[in-house]
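Q: I'd like a close look at one part of this model, and then a walk outwards from there. Take your time over it.

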Amino acid sequence: MVMDAEAPIQLLHVDDDEEFAELTAMYLARFEDRIAVETAGDVDEGLEALATGAFDCVVSDYDMPGRNGIEFLEAVRVDRPDLPFILFTGKGSEDVASDAISAGVTDYLQKGGGPDLFELLANRIVNAVDRRRAEREADLWAKAVEASNEGIAIIDGDGRYTKMNDAYAGLYGVEPATLIGEPWVTTVPEEEVERLQADVIPTLSDGPWSDESIGQRVDDSVYPKVLSLAALDDGGHVCVIRDISDRKEREAELESNAAELEAKAAKLDILFEQSPDLIDIHDADGRIVDANSRLCDELGYDRAELLGKRVWDVDESVDPAEVKRVWGAMEPGEMRELRGRYRRRDGSTLPVVVHVARTDLHETDQFFVIARESAEEC
């Protein structure tokens with residue numbers, strides 16, 4: 001968040017002297033074109049304007065009919081304790097100034113003099129508004145930092161923590177006060193300290209850096225983190241960390257699962273290829289998508305020749321419409337036993353007992369077929 005130094009300033013000027021109010025608005029516009037003035041003739045009008053409009057600053061006379069400027073200030077401070085309020089009055093006394101300060105006035109300026117007075121007033125308005133905007137921006141930034149799930153800390157030029165949010169300290173199992181003033185090296189394993197000091201911190205002048213790193217808690221346990229560093233003008237740096245223990249655990253679990261699946265797949269491939277049974281896999285349209293060597297050898301085809309053939313091109317006993325009905329009625333994981341008669345390339349046939357199971361490999365319906373020679377004709 002960056003404050004816009006050229007942002008317009010909406011000013012409410014409350015004064016019962018209409019001619020002086022117009023003169024003030026004219027001079028303010030001449031000396032500072034950021035200021036847009038709206039006027040009110042008394043406190044009641046001023047409060048009404050504040051209730052319906054958005055203003056960055058109030059300038060008010062002191063001596064007005066009804067309630068005076070101090071009473072106006074007190075009413076404003078009930079709902080707007082931080083709104084810049086400048087008392088601009090021809091009545092000057094220590095009592096008025098003291099009451100204004102007690103009521104929370106931002107600035108106090110006496111009327112009198114020439115155009116220089118209005119230039120001074122314009123400067124006071126701009127300074128008060130810019131200061132309040134900066135304070136509000138800093139407050140919002142501080143709240144955002146404290147609410148962040150990521151740990152954020154400031155490290156000075158001597159390598160010691162000067163500020164941090166609760167999230168940062170929490171990653172090390174302590175309160176912020178425990179780490180403030182401590183060297184950052186106490187929160188990093190020795191070998192990681194060497195890497196950061198030698199390879200990372202000297203490069204921060206070229207721009208921010210971010211990568212995976214290791215943190216060390218006060219109990220000497222370590223955890224993986226994403227570490228982001230950015231240089232500060234005083235030789236220190238901003239440090240942002242995020243615990244990635246969960247991600248690392250998931251990655252390790254996925255790697256383990258992948259290795260396990262790969263091992264299982266390798267075993268299945270061996271069983272598929274070396275099985276004495278005739279095995280093929282076909283889709284819901286009966287198209288063969290894989291076949292083992294035993295089936296190819298028995299039928300006299302190369303694997304490439306079998307792939308793409310329909311089941312009924314191989315099993316002459318199959319009626320396409322009927323077998324599709326059977327497949328469609330099967331549940332995933334269900335297996336059925338059928339009888340068939342495979343036709344070899346040379347025209348001879350082989351009676352077989354067929355076990356077909358429906359699977360959902362690759363999220364598509366496929367059928368795993370194991371056939372063995374049968375002494376009986378189908």
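How many bridges join strand β6 (residues 151-155) to strand β10 (residues 237-243), and do the two run parallel or antiparallel?

A: Bear in mind that this is a predicted model. Five bridges join β6 to β10, and the two strands run antiparallel. If you want a pair to click on, take Ile152, whose bridge partner in β10 is Val240.

β10 also pairs with β9 (residues 222-231), again antiparallel, and here there are seven bridges. Ala231 is a good place to look, since its bridge partner in β10 is His237. β9 and β10 make a hairpin with five residues between them. In that turn sits Gly235, which has a positive phi of about 95°.

While you're on these two strands, look at the cavity. Searching the whole structure for cavities of 30 Å³ or more turns up one, and its space comes to about 90 Å³. The lining has 14 residues, and Trp184, Val188, Leu227, Leu229 and Cys239 lie nearest the centre. β9 and β10 are the elements that give two or more residues to this lining, with β9 giving the most, at three residues. By type, the cavity's lining residues split into eleven nonpolar, two polar and one charged.

Now for the sheets elsewhere. One is an open sheet of five strands in the order β2-β1-β3-β4-β5, with parallel pairing. At its edges are β2 (35-40) and β5 (107-110), each of which pairs on one side only. From one strand to the next, the twist averages 20°. Within this sheet, β1 (residues 9-14) and β3 (residues 57-60) run parallel and are joined by four bridges. Here the residue pair to look up is Val14 with its bridge partner in β3, Ser60.

Another open sheet also has five strands, this time in the order β12-β11-β15-β14-β13, and its pairing is antiparallel. The edge strands are β12 (288-291) and β13, and each has a single partner strand, so one side of each is left without a neighbour in the sheet. Ignoring direction, neighbouring strands here are turned by 30° against each other on average. β13 and β14 pair over nine bridges in the antiparallel sense, with Tyr342 standing opposite Leu350 of β14.

Two helices pack on this sheet. The helix α9 (residues 245-274) touches β11, β12 and β15 (366-373), and its direction makes about 85° with that of β12. For α13, the touched strands are β11, β13, β14 and β15, and the angle between its direction and that of β14 is about 35°.

Some of these elements turn up again around a pocket. The second largest pocket holds about 270 Å³ of space. Its lining counts 19 residues, and those nearest the centre are Val311, Asp315, Val318, Val323 and Leu338. At least two lining residues come from each of β11 (278-283), α12 (311-314), α13 (320-329), β13 (335-343) and β14 (349-359). The most come from β13, which supplies four. Sorted by type, this pocket's lining has eleven nonpolar residues, three polar ones and five charged ones.

Last stop: Arg310, which you'll find in the loop between α11 (303-306) and α12. Is it buried or exposed? The cut-off for buried is under 20% relative accessible area and for exposed over 50%; Arg310 comes in at 24%, so it counts as partly exposed. Leaving out residues up to four places away in sequence, Arg310 touches Asp285, Gly286, Arg287 and Ile288. As for Val289, it is 21 residues from Arg310 along the chain, and the C-alpha atoms of the two are separated by 9.6 Å.

To come back to where you started: β10 is joined to β6 by five bridges and to β9 by seven. β10 also helps to line the largest cavity, together with β9.

Notes. Residues are numbered from 1 along each chain as its sequence is written. This is a predicted model: local features need pLDDT of at least 70, side-chain atom pairs count only at pLDDT 80 or more; totals for chains, interfaces and linings use all residues. Side-chain values use heavy atoms; hydrogens and water are left out. On a 1 Å grid over the protein atoms alone, a cavity is a set of points where a 1.4 Å probe fits but cannot get out, and a pocket is an open set with protein on both sides within 12 Å along at least five of seven lines; lining residues have an atom within 4 Å of a point. Grid points are joined across faces, edges and corners, and a volume is the space filled by probe spheres set on the points. Ala, Val, Leu, Ile, Met, Phe, Trp, Tyr, Cys and Pro count as nonpolar, Asp, Glu, Lys and Arg as charged, and the others, Gly among them, as polar. Two strands pair if DSSP finds at least two bridges between them. Axes are lines fitted to C-alpha atoms, for helices over the stretch in contact, and angles run from 0 to 180 degrees between N-to-C directions. Buried means under 20% relative accessible area, exposed over 50%, partly exposed in between (1.4 Å probe, protein chains only). Contact means heavy atoms within 4.5 Å.
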